[in-house]
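Subject: Model for your files, with notes on ring contacts and cavities

Hello,

I am passing on the structure we spoke about. Please find it below, followed by my notes.

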Amino acid sequence: MPPDDRPELSLPAGSRIDLDELVAVATWTNVAHRLLGTRLLAVERHGVTIGVDWREDLVADVGTAALMSGLIACLVDHACSLAVHVGLDGAPAYGGTIGLRVDHLGPLAPRRGVHARAETHRITTTVAHARAWIYHPEAPTEPVATGVCSVMLRDRTP
Amino acid sequence: VSGPRPDAIDAVIAATPYLVFLGLRCDPSGPTIVLGGEERHMGDHRRRTVHGGVMAAFLEAAGFVHLAASSDPPVPGIKAVDFTTDLLREAALVDTHARVVVVRRGRRIANVRVEAWQDEPDRPVAVGHGNYLLEPAPG
């Protein structure tokens, strides 16, 4: 079932996005992210912010208790995909990620969740490009990782 | 030289909670590292495909597991510095196998390539490459 503790979300003025559908794709119909407990935290004109809380079963090492770096790739893909989705402003053109790169800028802190903010900075007729910043919620200006994604777009001509 | 032994691969997975969460295992016949074809990895519920982010996490994890399982003596800290994944085909909810090639293993940095396939080894669903930091033992 969809979580009912949805954070207060608002869409940019004039947006044609279906917020209920966006929340569902971000947090619920995507089973991998439902299991991570991914939350949609903010929506911008060309971007989104999502977050995952720290959890014992998502760490790299019981000793350091920091989240596993591989999880970052999962967040980069999801945040960038959602950023392209909102950047398309309701146009049904999203076709799927074709490539992504993650740079791990430093170690993740013990027992800390992460937020991923992504924005799509170019949408062409065939491909959209998006980039993401991953940070601990307590330190949004000090990213622990960055990522980029290329997303295939479907033909939008009628 | 052949790759890491299956029991070493299983030991690294068992010691890494997130990899247990993903349900990674070793197929000793390869040996390959396997992401099970489970519903829990699904991204698009209409097409019933593996989430691209899970596939990318799997490839990065496979590089880590391979390096950790083939380190003798063990290297205490192996951390991905960067990892790039190309998603070549939609991946169905069936077992995905990863094969890792260590392109260069230096003293501090290892460079790997990873190829992932499902039913046919010659038909990859995803490929990746990355650099990993090999942190020396403290002291």
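A residue is called buried here when its relative accessible area is under 20%. Please keep in mind that this is a predicted model.

Aromatic pairs

Over all chains there are 2 aromatic pairs. In one of them, the ring centres of Tyr18(B) and Phe21(B) lie 6.0 Å apart and the planes meet at 20°, so this pair is stacked; planes under 30 degrees apart count as such. Both residues belong to helix α2 (residues 17-22) of chain B, and because they are 3 residues apart there, about one helical turn separates them. Tyr18(B) is buried, and Phe21(B) is buried too.

The other pair, Phe83(B) with Tyr132(B), is edge-to-face, with 6.4 Å from centre to centre and 70° between the planes. Phe83(B) is in strand β3 (residues 77-87) of chain B and Tyr132(B) is in strand β6 (residues 124-135) of chain B, so this contact ties together parts that lie 49 residues apart in sequence. Phe83(B) and Tyr132(B) are both buried.

A charge over a ring

Phe21(B) has a further contact: the charged end of Arg40(B) sits over its ring, at 5.1 Å from the ring centre.

Cavities

The count of cavities of 30 Å³ or more is 2. The largest has a volume of about 60 Å³. Its lining takes in residues from chain A, namely Ala32(A), Leu35(A), Leu36(A) and Cys74(A), and from chain B, namely Tyr18(B), Phe21(B), Leu22(B), Arg40(B), His41(B) and Val54(B). The elements that contribute two or more residues to this lining are α2 (31-36) of chain A and α2 of chain B. By class, the lining of the largest cavity has 8 nonpolar residues, 1 polar and 1 charged. The stacked rings of Tyr18(B) and Phe21(B) are thus met again in this lining, as is Arg40(B), whose charged end sits over the ring of Phe21(B).

The second largest cavity has a volume of about 30 Å³. The residues that line this cavity are Pro12(A), Ser15(A), Ile17(A), Glu44(A), Arg45(A), Val86(A) and Asp89(A). They divide into 3 nonpolar, 1 polar and 3 charged.

Regards

Technical notes:
Residues numbered from 1 in each chain as written. Chains lettered and ligands numbered in written order. Predicted model: local features only at pLDDT ≥ 70, side-chain atom pairs only at ≥ 80, totals over all residues. Heavy atoms only, no water. Phe/Tyr/Trp six-rings, centres within 6.5 Å; stacked < 30°, edge-to-face > 60°. Helix = DSSP H or I, 4+ residues; strand = E, 2+ residues; numbered from the N terminus. Buried < 20%, exposed > 50% of the residue type's maximum accessible area, 1.4 Å probe, protein only. Lys NZ or Arg CZ within 6 Å of the ring centre and 35° of its normal. 1 Å grid on protein atoms, 1.4 Å probe; cavity = no way out; pocket = protein on both sides within 12 Å on 5 of 7 lines; lining within 4 Å. Points joined across faces, edges and corners; volume = space filled by probe spheres on them. Nonpolar A, V, L, I, M, F, W, Y, C, P; charged D, E, K, R; others polar.
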